[in-house]
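Please open the structure in your viewer and keep the selection tool at hand. We will go from one helix to another, pausing at each stop to see what lies around it.

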Amino acid sequence: MSDRPCLHWLPPRPDDWRTRLKALSERGASAESWTEAIGLANHDLDFTATNALAGVVGRVFTAEALPFVESRPERLAVLSSSTTSHLLPGLVVGALRRGIRLTAQENDYGLYRESLTEDGGWLADFRPTSVLFALDTRHLARGATDCRTRADAEALIDRTLVGLRALWARARDRFAAKVLQQTPIPCLPRLMGSNEHRNPASAAALVARMNVRIREIADEDGVDLVALDDRVARDGLSAWYDVAFWLKAKQEIALPAAPMFGDLVARILAARQGRSAKCLVLDLDNTLWGGVVGDEGPLGVALGEGSALGEAFLSVQAYARDLRRRGVVLAVCSKNDEEIARSVFRENPDMVLKESDISCFVANWTDKATNLREIARRLNLGIDSLVFLDDNPFERGLVRRELPMVFVPELPAAPEGYVAALADSGCFEATTLTEEDLARVEYYRADRPSLDIPIEATDLEGHLADLQMVLTWGHIDEKTLARTTQLINKTNQFNLTTRRHGEEEVRALAVDPHSLCLWFRLADRYGDHGLIAVVIARKSPSEAEVFEVDTWLMSCRVLGRRVEQAVLEVLVAAVRAKGGRVLHGIYRRTAKNDMVHDLYGRLGFETVAEEPGEIRSRLGLSEFDTFSPPIVVREVVG
């Protein structure tokens with residue numbers, strides 16, 4: 001068997017890793033312990049180390065919901081047709097890398113269907129938030145050798161996929177759970193070699209066709225895929241599958257591949273919670289081009305076609321450009337004179353990335369940890385939204401030590417491996433791609449004048465009026481469900497409660513007659529800022545005229561524009577229309593939302609209760625006076 005699938009984008013395990021793990025096992029649960037656990041997870045861990053860390057995490061962090069963990073806890077049910085118990089520790093550690101507390105359980109051997117359909121049982125007690133169908137390849141391809149024609153094979157695939165869709169629907173309907181489907185791996189022997197697809201009785205060919213069809217129906221049903229076939233194609237089958245493991249223990253995925261499997265699943269769960277990174281910060285010298293521009297000049301750096309080295313750096317730039325087109329914000333952090341650093345963008349014709357592609361350009365001689373903080377501040381992004389790409393091991397080590405919340409992929413010595421390190425890491429994993437994602441980079445231009453209202457402006461009202469702001473709003477429906485759920489699960493700073501709701505929860509609330517689920521978009525004379533706010537309010541079960549704000553969040557890019565006043569006016573009108581007379585608001589403190597601790601007070605609410613970490617406020621709607629901010633408000637119906 002070949003070497004295990006390495007998590008090569010993570011640094012190797014340090015010499016004191018076991019000592020730190022032992023110390024963690026002797027601590028109690030705390031924010032410091034949780035941070036240390038995440039730090040231990042962010043190394044290239046093999047099967048043994050992964051199991052050891054998962055065991056310690058399970059003993060130290062016994063509560064499902066922990067007050068110092070901002071993410072939503074996950075309960076993952078693994079429904080399998082083969083042995084998967086060896087995969088569970090990797091799932092726990094993969095989630096831990098992304099700051100998620102995960103517990104995982106599996107069905108008794110082969111009894112996945114019974115677990116899902118029986119009344120009561122372990123699955124009902126477990127109450128999964130996510131369900132992963134990990135059905136082995138032989139199980140899905142059973143009956144293939146009896147096919148005599150292509151039509152027989154297609155009919156078998158049809159029946160198999162109808163059964164899969166029924167399982168997905170059952171998991172979603174019974175538990176309102178997110179559904180993940182593992183794609184079958186190409187582990188079955190071939191009978192005709194390169195022309196295997198011509199054999200209607202070929203199980204290998206049927207599995208290849210089934211993987212195409214699974215992707216089609218998963219898109220239709222909103223199911224997220226764990227694309228093992230794609231990963232196996234890159235790592236090699238022998239890195240993932242060993243027939244000896246299958247024959248001895250019915251383990252389709254070999255033990256050494258378990259950490260990688262866990263990471264692949266965990267990054268999807270993290271993406272569903274909005275915990276994927278938003279901004280790629282790029283070093284310049286020997287990262288985007290070869291050599292030092294201060295020494296070589298803008299035309300002397302290694303870049304462009306005609307040399308292997310120059311083409312390697314072109315591939316890095318092309319990948320960054322494609323990430324930008326998908327909605328990832330690009331920034332530069334370089335130890336350099338700014339004019340010299342910009343000269344390559346301005347003068348070298350081989351540059352794929354253009355100066356206009358960079359939303360924030362920081363080049364100076366300050367340490368890079370300080371500059372990364374400044375980039376986050378300028379872009380109004382959380383520091384944990386950044387990924388930092390730098391060829392220099394010293395700079396990578398400095399940022400990891402000073403800013404452990406920033407993801408810093410480990411890079412090989414040769415630049416031709418940079419793209420693989422970034423792509424394989426899954427730091428920009430996404431489960432959906434919306435128009436908002438594609439347009440996001442235009443909202444995060446640090447040099448765009450419309451995004452920041454000057455603090456020193458003496459005529460603030462005049463400045464706001466000059467922006468010509470238009471706030472459109474509507475009720476959340478199927479067209480806005482994916483984007484609003486995404487915003488709910490990734491917004492941390494302007495977020496009154498930081499409650500995380502999955503797509504199924506938001507869908508249920510949107511059709512609940514006792515709830516209000518509102519979305520808001522903002523445009524101004526500089527352009528459309530897209531979806532910038534979500535508000536969910538629920539009628540009190542005990543007081544018919546009282547509504548409570550469950551969720552109120554806004555994008556930081558529109559702060560200082562009095563948008564919150566306009567949002568409240570819309571909410572008050574909507575509550576009144578449903579017979580409400582009183583609005584309750586709750587502020588729950590987190591590590592990142594202190595900026596809104598006094599929002600309700602500023603908006604005219606009366607504080608009725610205050611406890612450590614929580615403030616409760618009340619607004620009588622008969623006493624509410626409109627603010628009349630300089631914003632045109634329009635409702636979108638249908």
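The tour below visits two helix pairs in what is a predicted model.

Begin by selecting helix α1, residues 17-25, together with α2, and look along the pair, whose axes come within 11 Å and cross at roughly 150°. Because angles over 145 degrees count as roughly antiparallel, α1 is described as roughly antiparallel to α2. To see where the two helices meet, show the side chains of Trp-17, Arg-20, Leu-21 and Leu-24 on α1, and then Ser-33, Glu-36, Ala-37, Gly-39 and Leu-40 on α2, which together make the contact. If you colour these residues by type, you will find five nonpolar, two polar and two charged.

Next, select helix α4, residues 88-97, where 10 of the 10 residues are buried. Which elements do the buried residues of α4 pack against? Adding them to the view one by one, you will meet α2 (31-41), α3 (47-60), β1 (74-80), β2 (102-106) and α13 (258-272). Just after α4, stop at Gly-99, which takes a positive phi of about 75°.

Finally, keep α4 in view with α13, and note that their axes are 7 Å apart while the helices pack at an angle of about 50°, an arrangement that makes α4 oblique to α13. Here α4 passes α13 in a right-handed crossing. Select Gly-90, Leu-91, Gly-94, Ala-95 and Arg-97 of α4, and then the residues they meet on α13, among them Phe-261, Gly-262 and Asp-263. The residues of this contact divide into six nonpolar, three polar and two charged.

Notes: Residues numbered from 1 in each chain as written. Predicted model: local features only at pLDDT ≥ 70, side-chain atom pairs only at ≥ 80, totals over all residues. Heavy atoms only, no water. Buried < 20%, exposed > 50% of the residue type's maximum accessible area, 1.4 Å probe, protein only. Helix = DSSP H or I, 4+ residues; strand = E, 2+ residues; numbered from the N terminus. Contact = heavy atoms within 4.5 Å. Axes fitted to C-alpha atoms, helices over the stretch in contact; angles between N-to-C directions. Parallel < 35°, antiparallel > 145°, perpendicular 65-115°, else oblique. Nonpolar A, V, L, I, M, F, W, Y, C, P; charged D, E, K, R; others polar. Left-handed = near helix turned anticlockwise from the far one by under 90°.
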